[in-house]
4 protein chains.
Amino acid sequence: MGHAMKDVHAMAPTRGHLQLRSVGLSGIRKPLSIRRPDRVNVLAATIDLAVDLPADRKGSDLSRNAEILAEIVDRTILQPADSLESACSSIARELLARHAYATEATVKAEAEYFLRRGISSDRQSFEDYLLRAEARAFRSDDQSAQLHRSIGAEAVGMTACPCAMETAREKLEAEFPLLADPRLKGLPMISHNQRNRTRLMFDFTGEGDVEVDEIIDAIEAAQSSPTFAILKRGDEGQVVMDAHRNPKFVEDVIRDLMASLPGRFPHVPDTVVVRAATVSEESIHKYNVEASHTTTMGELRRSGHT
Amino acid sequence: MGHAMKDVHAMAPTRGHLQLRSVGLSGIRKPLSIRRPDRVNVLAATIDLAVDLPADRKGSDLSRNAEILAEIVDRTILQPADSLESACSSIARELLARHAYATEATVKAEAEYFLRRGISSDRQSFEDYLLRAEARAFRSDDQSAQLHRSIGAEAVGMTACPCAMETAREKLEAEFPLLADPRLKGLPMISHNQRNRTRLMFDFTGEGDVEVDEIIDAIEAAQSSPTFAILKRGDEGQVVMDAHRNPKFVEDVIRDLMASLPGRFPHVPDTVVVRAATVSEESIHKYNVEASHTTTMGELRRSGHT
Amino acid sequence: MGHAMKDVHAMAPTRGHLQLRSVGLSGIRKPLSIRRPDRVNVLAATIDLAVDLPADRKGSDLSRNAEILAEIVDRTILQPADSLESACSSIARELLARHAYATEATVKAEAEYFLRRGISSDRQSFEDYLLRAEARAFRSDDQSAQLHRSIGAEAVGMTACPCAMETAREKLEAEFPLLADPRLKGLPMISHNQRNRTRLMFDFTGEGDVEVDEIIDAIEAAQSSPTFAILKRGDEGQVVMDAHRNPKFVEDVIRDLMASLPGRFPHVPDTVVVRAATVSEESIHKYNVEASHTTTMGELRRSGHT
Amino acid sequence: MGHAMKDVHAMAPTRGHLQLRSVGLSGIRKPLSIRRPDRVNVLAATIDLAVDLPADRKGSDLSRNAEILAEIVDRTILQPADSLESACSSIARELLARHAYATEATVKAEAEYFLRRGISSDRQSFEDYLLRAEARAFRSDDQSAQLHRSIGAEAVGMTACPCAMETAREKLEAEFPLLADPRLKGLPMISHNQRNRTRLMFDFTGEGDVEVDEIIDAIEAAQSSPTFAILKRGDEGQVVMDAHRNPKFVEDVIRDLMASLPGRFPHVPDTVVVRAATVSEESIHKYNVEASHTTTMGELRRSGHT
């Protein structure tokens, strides 16, 4: 065809001349090559990406988003990204560069992540976790791009309930008076226990980084016990004992996790926002129990957590 | 228009003259009015419905399926159905009647179902279960419609593991020798426990019926313990004690459920097939544990289960 | 037992003396009786409810939440609630009243909702929608409870793409020059079309109300076409024509929806925040396309939307 | 401890001495290294694995299953498997070897799979598909293990409806009589179109193999059009035209797919069972439309499909 195709996206909106906060693609699955110290990991990520849209423009030319994403995915094959979050940052910056009318670009990604873990050195196998990353690029007054980044992970572990443990103890002591014997001090009592999923996110507005394996370590340390794919019979008893000697409400999981952050992440600046959320899939109910909290590293340090 | 619309479905297939086993609609949500002894229940059901299709016909005129379903849904408003399964049977029969070319019609439905239950008479509230029903109508040689029907339910309860309980006991006895004292005989030991979902289906090729509330009773009796929405603190200890005094592998859940059927359902004929499946969402692993079995009521009776 | 049970929740936290933003239950399924002009509707709702927790308290006594919910669910059987949102408000107020230490209580509910709709008066049947409601009660300085409420709905309809329609037209005009004939002006051209899910929420900080059926009307009017369970063959052609004569980007869906609100909801105060989000499950891609916007009724009125 | 731990699994069942058809683990996520002609692919697979259980044995020692799986996963790191299906076969054989009491072992796996595809050679990017594999090992009378294997894939593409196209044409011809002009013969008419997911499985009881990329090719050729991540504006029009010139009912997708198999897979033996299922997420309805069929390669060849 001799003439250019009509650009429907660049036309004026038919009705409702509103600047729109977010227009984009969601649920895109892509393989991203990520460099790890000892190898290249390919993460199958679910990616959402969007920009804002001025009031005088009908559409956002979303095919451009798919192209940018494909280019950066392809680039990681030759030169792996440093992390899921750095891949998000590259995409966000490129979105802003190529959507000249946009003032903000947002990219969110989540990807399953396998780590070799085990209850002992001869019981190692792959455990699966979830990585999450976000990047938001926005145009500042001098037209340079600013970048906000979030890095986080989610881990499934186990909680045992401290309250049911106490009421079970009272009922059992009434039935077995010998339980009051000091020689049984420290005997763990039955309780309900269950899968617990806990997520921790760090929001950076400036420089800085956290290592996702350390985020996963922090989460697992805050649950009653981590869980493992391979447990020989004796190991099962060990995990059960560990969890019952470390009973936790969802409230405890969040507080213990938050309290551990200043000690575990001394290099993360005070301005960084930390967000934690936890869900216990209660074995004695058909519903879940949840807790969440958001604060800053500075606030945690000032409250005396070290 | 003066002329009839072209009936694309009745045309010959373009290619691939195969008789097709199943063509239909799936994932249709509809409210079905069901008569209960004391009230009318409206079940929000997910319904799939299909017929077979002869080799010489391009399409199955699926809009007819949607119409039949809507008619029967509307009919239950004025005259509630006896059960989810009887609604499926009506739909299957009507599908066969109105798809003259079909030899078989299949209808599957599942619906959430609330029952008032509680750990005691003053702790009653709604617990949610899942009902499942299927009906398959097929044309016999004399053109009369035959009907096969399935009735079942799924309940979430709790299992405590007998194996981890044993290994925890051995470890604790090594640490607390006093546990061997006969005065502590019967003391329940810690183990892992978790949500368990168990399903039971009855397949009828002839007359007969089962009451879904009794199916749910049978399932809950086969788990380590049912679970409840309302548990005051003392109650939590009670459920935990009940479950740990009744530890169950998924294998035990299926066997105990199957073994209970002849006693609980004496009127169900020998020819009826029973299918059971159970899943425990293990608290000490990130994966699930499953067991399933299929047999007949006659087989269960002959193996001496009463 | 003669002595009171130990209240583990009221104890001091073991570690991490943080005030927690949110502790609660999630994923509870309950049947809520709602009064409609002509009947009582039972909505099967998924409910989340939470309160905040002071730094000096270990746990939130979550069994109280389950009790409050059960009481209010039971109360609606005798006296149906006015709406999903009013049930949420009652629960939120009661949570705040009975968790003396809490400063804020949040309740979220979503429920499937059936409406009789059809392409014509003789094709009516049930279409399914999703209702959403939230209530947040918080203690003001004079200890009176303040209430923020959100009311909304989600509807599945259809979008046809205006851009692919234009490029298809250009290709077809090159192949069929007769398409340029003025007698074919207004002939709808082929495009990709797909399921679109659109949600609209109203956030009230004071008095006021909106009717969910009118929210659903507003959403369906902003899509290329609503969709229907029952469509006879001629009707299918009609819906296809309607959608292709009304092609919409996700951007258009949001803008047209927002633009329609001042006219459709004249009684909603200027301070009310409106949030809209839309997802098209693109038929020509494996991923989705999304748009969203948040503004106030006042802002919409000031931009000249009436 | 000096004494052996009690083996609870090997004990007799408490009740219900039934041989159980299936006891196992489900929903295990593992990374499997698969050898491709030009590279090693790591597939993140969801794996279920189970054995049967004799009547005199309480439990199935499921920790053994997790160990076997971990061993084979680790082995693929050093020596990648030939395919998802060959990994399943190795696991099934090993399950049978190490559960001496079992007569049958079943392994099912599904994994996302990325292929570089595009509407043209300069628009290539990763498209995501789903691989499925099953292996069933069973002990024959001479104690040698027999193996049944299934290999398949699922692809998302697009269907355009031939029936709505016809009724739209009739309506449009009434409005635009010029459409009857012979110069417009072959002009594609508007219809509804939507995402279609189609699955094809081959069940082998003996030797033989199929290449998953060829399964995906066969599926995409049977849909109205494949779909692509990257489509520039002109490309969108092209996909829309391709789909509307190739309109398909779900019935057509299954028949065309089945009809193509003898020609596409000449080396697959007559005894191999082929199973196909397709779902169109109809844009004009809130529900889906489905079709499925099962037959043998021999039957397809005898019906004259070549």
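**Exercise 1. Find the turn and the shift along the axis that lay chain C on chain A, and the RMSD that results.**

Solution. The model is predicted; local features need pLDDT of at least 70 and side-chain atom pairs count only at pLDDT 80 or more, while totals for chains, interfaces and linings use all residues. Residues are numbered from 1 along each chain as its sequence is written, chains are lettered from A and ligands numbered from 1 in the order in which they are written, and side-chain values use heavy atoms, with hydrogens and water left out.

Step 1. Two copies of a chain are related by a rotation about an axis and a shift along it. The fit is by least squares on the C-alpha atoms of residues with pLDDT of at least 70 in both copies.

Step 2. For chain C the turn is 180° and the shift along the axis 0.0 Å, and the RMSD on chain A is 0.0 Å.

Step 3. Thr294(C) has the C-alpha nearest the axis in chain C, 12 Å from it.

Step 4. Of the contact residues of chain C, 100% recur in chain A, so the same surface serves both copies (contact: heavy atoms within 4.5 Å).

**Exercise 2. Describe the interface of chain C and chain A by its residues, buried area and polar links.**

Solution. Step 1. Chain C contributes 56 residues to the contact and chain A contributes 56 residues.

Step 2. Between them the two chains bury about 4800 Å², with 57% on carbon and sulfur atoms. Buried area is the accessible area (1.4 Å probe) that two parts lose on being put together, summed over both.

Step 3. Two salt bridges are found across this interface, a salt bridge being a side-chain nitrogen of Lys or Arg within 4 Å of a carboxyl oxygen of Asp or Glu. Asp252(A) and Lys58(C) meet through their side chains in a salt bridge of 2.9 Å, N to O.

Step 4. Residue pairs in polar contact between chain C and chain A number 26, both residues at pLDDT 80 or more. A polar contact is a pair of N or O atoms within 3.5 Å; within protein, one must be able to donate a hydrogen and the other to accept it, and residues adjacent in sequence count only if both atoms are side-chain atoms.

Step 5. On the side of chain C that touches chain A, β1 (20-36), α3 (162-175), α6 (250-264) and β9 (288-296) each supply at least two residues. Helices (H or I, at least four residues) and strands (E, at least two) are DSSP runs, numbered from the N terminus.

**Exercise 3. Work out how chain B is related to chain A, and what their interface contains.**

Solution. Step 1. Chain B is superposed on chain A by a rotation of 180° with 0.0 Å of shift along its axis, at an RMSD of 0.0 Å. That is the relation of a two-fold axis.

Step 2. Ile190(B) is the residue of chain B that comes closest to the rotation axis, its C-alpha lying at 2.2 Å.

Step 3. The contact uses 54 residues from chain B and 54 residues from chain A. About 4400 Å² is buried, and carbon and sulfur atoms give 64% of that. In chain B, Ile190(B), Arg195(B) and Lys286(B) lose the most area to chain A, together 19% of what that side buries.

Step 4. Four salt bridges are counted between these chains. In one salt bridge the side chains of Glu127(A) and Lys286(B) meet at 2.7 Å, N to O. There are also 27 residue pairs in polar contact.

Step 5. The largest share of the side of chain B that touches chain A comes from α5(B), with nine residues.

**Exercise 4. Is Asn65(D) buried or exposed, and what does its side chain meet?**

Solution. Step 1. Asn65(D) sits in helix α1 (residues 63-78) of chain D.

Step 2. Its relative accessibility is 0%, so Asn65(D) counts as buried (buried is under 20% relative accessible area, exposed over 50%, partly exposed in between; 1.4 Å probe, protein chains only).

Step 3. Beyond its neighbours within four places in sequence, Asn65(D) touches residues including Gly24(D), Leu49(D) and His99(D). With His99(D) there is a side-chain polar contact of 2.5 Å.

**Exercise 5. Place Arg136(D) and name the partner of its side chain.**

Solution. Step 1. Arg136(D) belongs to strand β4 (residues 125-139) of chain D.

Step 2. At 29% relative accessibility, Arg136(D) counts as partly exposed.

Step 3. The side chain of Arg136(D) makes a polar contact of 3.4 Å with that of Glu104(D).
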